[in-house]
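Colleague: I would be grateful for a close look at the annotated binding sites and the ligand shells of this model. Please explain each term as you come to it.

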Amino acid sequence: MQNKDDFRYEDCEETARWLLDRVQSPPVIAIICGSGLGLLADTLTDIKTFDYVQIPHFPTSTVAGHSGQLVFGILQGKSCVVMKGRFHVYEGYPLWKVTLPIRVFKLLGVKVLMVTNAAGSLCETYSTGDLMIIRDHINMPGLAALNPLRGPNDERFGPRFPSLWDTYDKDLRSTALEIARRLGHTDLIHEGVYCMVGGPNFESVAEARFLQRLGADAVGMSTAPEAVVAKHCGMRVFGLSLITNRVAQAYEMVDSVDHTSVLEVGKQRSNVLQELVTELVKSINFKEEDKQELA
Ligand SMILES: O=P(O)(O)O[C@@H]1C[C@H](O)[C@@H](CO)O1
Ligand SMILES: Nc1nc2[nH]cnc2c(=O)[nH]1
């Protein structure tokens, strides 16, 4: 059963074809920039940029710090596509639309998805400005059937019942950890569990305590749906959270988080993030079958 609230494979194909007709080389790596992290796109060379509004079937960005551009280019000799701005459920988009770019990337030939986000820390040992490699996630809306895979399943993308136990690629995680240490960032790098909530409000103290007790180390308003769809369609996924604030878990704590301060931390830390992502891209070796598919 297909209705207007479901995604259509043919729409994704149309978008992919539109983009392929306009770029030099199809991307193998896709990078999604979180709030205030769009400067990552500046590391690319030979760039070709499209505003989201130009691209057929693409949603548009409505949040400050998400400029709404798709940038194609070369990073460390690899063809990449970077989303300067992502889509969130709280903007009013259905989850299939939030994740439409991932399915388009799959059709473009992308093998690896790197997702970044701004997140609040629920973990005692994390400080503002730290980075957390995502080991796993808790998809809060997904647990209550707000899942991007809800609705008819198109087997051309993936199976009806995908396993998510290994969503965040183990090799990419350990390589990223090694790189961070080599770059001298041992003190600010962590590996942990990201929890996605719907937003747009930040957490109440009781909610923060609840999420921390569930096993979450950081909380944000994105990423999990993108990772689910990427895993569903067979991509390797790497996730990185920039800790932009500590979430208050006691009524005596002052929590002054707002979107402006989130963006400010993003700006301050963009160089560390760029460095890490660039080195990680450099480290990726594509398998023979990937190369053949791209030839
Ligand atoms: O797109 P991300 O997940 O980085 O954005 C986070 C969550 C909210 O959209 C925003 C709050 O400041 O930052
Ligand atoms: N839900 C949520 N998202 C964030 N994004 C950046 N900081 C936060 C936070 O504290 N909570």
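Modeller: The following account takes the annotated positions, then the two ligands, and then the nonpolar core.

This is a predicted model, in which local features need pLDDT of at least 70 and side-chain atom pairs count only at pLDDT 80 or more, while totals for chains, interfaces and linings use all residues. Residues are numbered from 1 along each chain as its sequence is written, and chains are lettered from A and ligands numbered from 1 in the order in which they are written.

An unreviewed UniProt entry gives the feature "binding site" at Glu203 and Asn245. These two positions span 43 residues in sequence, yet no two of their C-alpha atoms are more than 11.8 Å apart, so they gather at one spot. UniProt positions are given in the numbering used here, with feature names shortened, and annotations may be inferred rather than shown by experiment.

Glutamate 203 is found in the loop between strand 7 (189-196) and helix 6 (205-214). Helices (H or I, at least four residues) and strands (E, at least two) are DSSP runs, numbered from the N terminus. Glutamate 203 is buried, having 22 other C-beta atoms within 10 Å. A residue is buried if 20 or more other C-beta atoms lie within 10 Å of its own, exposed if 12 or fewer, and partly exposed in between, with C-beta atoms placed from the backbone. Not counting residues up to four places away in sequence, Glutamate 203 touches Ala208, Leu211, Val219 and Val247; two residues are in contact if their C-beta atoms, placed from the backbone, lie within 7 Å.

Asparagine 245 belongs to strand 9 (residues 236-246). Asparagine 245 is partly exposed, because 19 other C-beta atoms lie within 10 Å.

The unreviewed entry in UniProt also lists Ser35, His66, Arg86, Phe87, His88, Ala118 and Ser222 under "binding site". They span 188 residues in sequence, but no two of their C-alpha atoms are more than 13.6 Å apart, so they too gather at one spot. Phenylalanine 87 lies in the loop between strand 4 (78-84) and helix 2 (95-98), and histidine 88 lies in the loop between strand 4 and helix 2. Phenylalanine 87 is buried, with 29 other C-beta atoms within 10 Å. Histidine 88 counts as buried with 22 C-beta neighbours inside 10 Å. Not counting residues up to four places away in sequence, histidine 88 touches Val63, Val98, Gly199, Met221 and Ser222.

Turning to the ligands, 13 residues surround ligand 1, and the closest are Gly34, Ser35, Asn117, Ser222 and Val262. A residue is near a molecule or strand if its C-beta atom, placed from the backbone, lies within 6 Å of it. The shell around ligand 1 divides into 4 nonpolar, 8 polar and 1 charged residues. Here Ala, Val, Leu, Ile, Met, Phe, Trp, Tyr, Cys and Pro count as nonpolar, Asp, Glu, Lys and Arg as charged, and the others, Gly among them, as polar.

Around ligand 2 there are 15 residues, the closest being Ala118, Gly120, Val219, Gly220 and Val247. Strand 5 gives the most to this shell, with 3 residues. The shell around ligand 2 divides into 9 nonpolar, 5 polar and 1 charged residues.

Finally, the largest nonpolar core has 76 residues, and Val219 is among those with the most contacts inside it. Helix 8 gives the most to this core, with 7 residues. A nonpolar core is a set of buried Ala, Val, Leu, Ile, Met, Phe, Trp, Tyr and Cys residues joined through C-beta atoms within 7 Å.
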